Amino acid sequence: MLKITDLHVSINGTEILKGLTLEIKAGEVHAIMGPNGAGKSTLASVLAGKEDYEVTSGTITFEGQDLLEMSIEERAREGVFLAFQYPVEIPGVSNVNFLKTAINEIREHKGLPALSAKDFLTLVKEKSALVALDASLASRAVNEGFSGGEKKRNEIFQMAMLEPKLAVLDETDSGLDIDALRIVAGGVNALKSKENATLVITHYQRLLDYIIPDFVHVLYDGKIVKTGGKELALELEEKGYDWIKTAE
Amino acid sequence: MAGYTENELAKDLADKEYQYGFISDIDSDVVPAGLTEQIIHLISSKKNEPSWMLDYRLKAFEVWKTMKEPDWAHVNYKKPDFQAISYYAAPKQTKKYESWDDVDPEMKETMSKLGISLEEQQRLTGVAVDFVMDSVSVGTSFKAKLAELGIIFCSFSEAVQEHPDLVKQYLGTVVPITDNFYAALNSAVFSDGSFCYIPKGVRCPMELSTYFRINAGGTGQFERTLVIADESSYVSYLEGCTAPQRDENQLHAAVVELIALNNAEIKYSTVQNWYPGDKEGKGGVFNFVTKRGLCEAHAKISWTQVETGSAVTWKYPSCILKGDYSVGEFFSVAVTNNYQQADTGTKMIHLGKHTKSTIISKGISAGHSQNSYRGLVQIHKQADHARNFSQCDSLLMGSVSGAHTFPYIECKNASAQIEHEATTSKIGEDQLFYCQQRGISEEKAISLIVNGYCKEVLNQLPMEFAVEAQKLLSISLEGSVG
């Protein structure tokens with residue numbers, strides 16, 4: 001589904017990713033771990049198409065298409081979803097209105113008719129239950145005045161509504177207490193299928209107790225330096241990142 | 001993407017033939033340009049006005065001659081030559097298209113985007129349509145319904161003839177002829193406008209908009225509006241139209257007076273979409289309007305405006321809160337793009353005790369435009385326990401537009417409570433990115449964010465108008481973030 005080959009990315013002339021290679025197939029859950037400044041969030045931003053980043057070399061294909069040639073919204077419509085580390089507030093725009101616009105833009109892209117108000121509301125009801133999101137949050141302005149936990153749950157709610165092929169969770173666990181973490185992880189797990197894939201970016205092993213990865217990659221200094229199964233995460237938790245740094 | 005403003009309106013206005021659209025209803029009546037006492041006599045006699053009306057005009061003219069065009073507003077334009085204007089404009093002649101096919105497709109598209117029905121589109125573009133448009137009979141049936149309730153709603157000229165006592169009693173009581181340069185000019189030469197009277201205890205059952213839009217043929221360059229809500233009555237009045245307004249007059253100087261007697265309520269909503277000039281800032285309408293309302297005890301006046309048009313806007317819908325417990329509200333969205341300039345805001349004059357006012361102003365500046373909020377909150381000595389809340393937000397798009405806020409507060413009573421909040425922000429790159437990451441195009445994202453930003457004001461508009469206004473905002477800002 002996603003194939004990243006020898007990716008080099010700079011921001012303001014400083015190279016952050018220095019030859020990253022990664023392949024994710026449908027049905028898989030991958031986790032990327034690594035110390036601060038390793039380039040984890042940069043990877044998430046580049047996948048989503050954020051403009052501040054310059055891809056100096058390497059390729060990314062998504063479902064056989066050149067992802068780097070696609071605009072931000074095209075990527076989203078093709079099924080790339082980014083759960084933001086810091087979800088953005090949009091005052092005065094209700095969550096419902098925001099999502100309805102998004103869903104219908106995606107449907108239009110796929111040549112489908114717009115969703116009727118009734119079907120849409122049914123969907124909202126069903127999906128908001130998935131992350132135990134209070135119905136009142138759905139009608140409030142996007143992320144405005146939401147608590148940290150509510151914002152993260154709202155990201156997963158949006159993900160559930162948009163049904164992406166590839167979901168990238170950027171530090172979704174940061175700032176969550178254990179209950180919220182469980183709810184968020186439960187939502188992600190419920191959405192898992194053979195057709196879609198998840199890329200979990202995280203600092204801590206904690207989240208991976210709930211979202212069980214098929215592969216764990218360690219990102220260090222712009223490259224993936226180690227890949228393993230879920231037990232690698234536990235090893236990292238125990239030993240920290242230093243042994244990987246020195247092993248290199 | 002170019003909206004109607006950049007292309008076909010420019011084309012329309014460049015059309016020289018169009019400039020000579022001033023034809024009076026009697027063939028030979030071409031009044032020479034310039035303003036003299038004689039011209040005023042002529043205007044008045046053509047309208048067959050009573051002598052008190054003529055006297056009023058002449059008095060205004062005398063005052064106007066002694067006045068100077070104000071230059072304190074934060075706008076920059078070449079002052080019109082007042083002696084080069086022809087002041088007798090018989091019912092305005094809009095350019096007629098031979099058939100619907102001749103109408104510029106972009107203009108049609110704009111109107112479709114606004115959700116205006118085909119019949120109305122044809123009426124607005126002035127197409128000579130073959131099929132019978134039922135506006136006359138619809139208008140008549142509205143009129144019959146209103147008449148049943150004793151509501152008077154007619155053209156100003158008609159009111160002068162049919163209801164002289166009411167006109168005489170109230171005209172100039174809120175905006176006196178001495179008020180300002182443009183108001184004096186309007187008082188001397190006003191062409192026509194609307195008159196509305198709601199009798200005691202009557203709640204006007206419909207938005208006067210519907211009726212107004214059907215009859216909005218030509219309201220002229222110096223429009224005069226007088227709305228009187230008698231004790232305990234209510235009226236919601238809608239002025240303007242979201243459809244692109246093509247106009248050959250460069251200068252518009254309207255006066256609107258509202259009078260809300262004890263316990264009455266007037267809701268006055270405006271959408272202004274005059275020709276704003278082209279992308280380079282050439283052409284466009286100068287909109288210098290004086291709007292003011294007077295509230296007696298327990299009365300309430302709400303001004304809601306969505307301003308997207310005109311090259312230069314100078315407009316301060318105000319409330320004089322004379323009666324105790326009266327309430328004044330001002331909700332405004334002013335959008336400027338390209339080289340448009342707007343200096344707009346309100347004045348809340350608190351005279352009565354326990355008077356309350358609310359000001360919510362949302363400015364949006366894009367392109368090279370300049371957008372200013374100018375407001376005055378004045379609490380007089382006797383106005384015990386007066387309260388005001390003001391919120392002035394500015395949204396900037398791009399890096400060369402300007403937003404300015406000039407709030408004035410004068411308080412002479414220690415029991416007053418005045419709050420003022422102001423914010424200035426830019427449409428965040430991060431907000432756009434967030435929307436786009438969810439599959440929403442940039443244009444749609446801007447429209448979503450802007451409408452969210454203006455929500456408090458748009459919510460004040462009557463339902464069907466709010467929908468059009470939302471679309472209008474998007475169209476006005478098309479292509480403003482590149």
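**Notebook: B:Cys411, the A–B contact and two positive phi values**

I began with B:Cys411 and found this residue in β17 of chain B, a strand that covers residues 402-411, where strands (E, at least two residues) and helices (H or I, at least four) are DSSP runs numbered from the N terminus. I noted that I am reading a predicted model, in which local features need pLDDT of at least 70, side-chain atom pairs count only at pLDDT 80 or more, and totals for chains, interfaces and linings use all residues. Residues are numbered from 1 along each chain as its sequence is written, while chains are lettered from A and ligands numbered from 1 in the order in which they are written.

Is B:Cys411 buried or exposed? I recorded B:Cys411 as partly exposed because it has 18 C-beta neighbours inside 10 Å; a residue is buried with 20 or more other C-beta atoms within 10 Å of its own, exposed with 12 or fewer, and partly exposed in between, the C-beta atoms being placed from the backbone. Leaving aside residues up to four places away in sequence, I listed B:Ile379, B:Ala416 and B:Ile418 as the residues that B:Cys411 touches, a contact being two C-beta atoms, placed from the backbone, within 7 Å. I also looked up B:Tyr56, which is 355 residues from B:Cys411 in sequence and 35 Å from it in space, C-alpha to C-alpha.

For chain B as a whole, I noted 15 helices and 18 strands, and buried residues account for 51% of its 482 residues. Of the contacts in chain B between residues at least 6 apart in sequence, 85% join residues at least 24 apart.

I turned next to the contact between the chains, which takes 21 residues from chain A and 16 residues from chain B. On the chain A side, the elements giving two or more residues are α2 (72-78), β7 (90-94), α3 (95-109) and α6 (148-162), and α3(A) gives the most, with five residues. I sorted this side into 14 nonpolar, three polar and four charged residues, with Ala, Val, Leu, Ile, Met, Phe, Trp, Tyr, Cys and Pro taken as nonpolar, Asp, Glu, Lys and Arg as charged, and the others, Gly among them, as polar.

Last, I checked backbone angles, since most residues other than glycine have a negative phi. A:Glu63 has a positive phi of about 50° and sits in the loop between β4 (54-62) and β5 (65-66) of chain A. A:Asp221 has a positive phi near 50°, in the loop between β11 (215-220) and β12 (223-228) of chain A.
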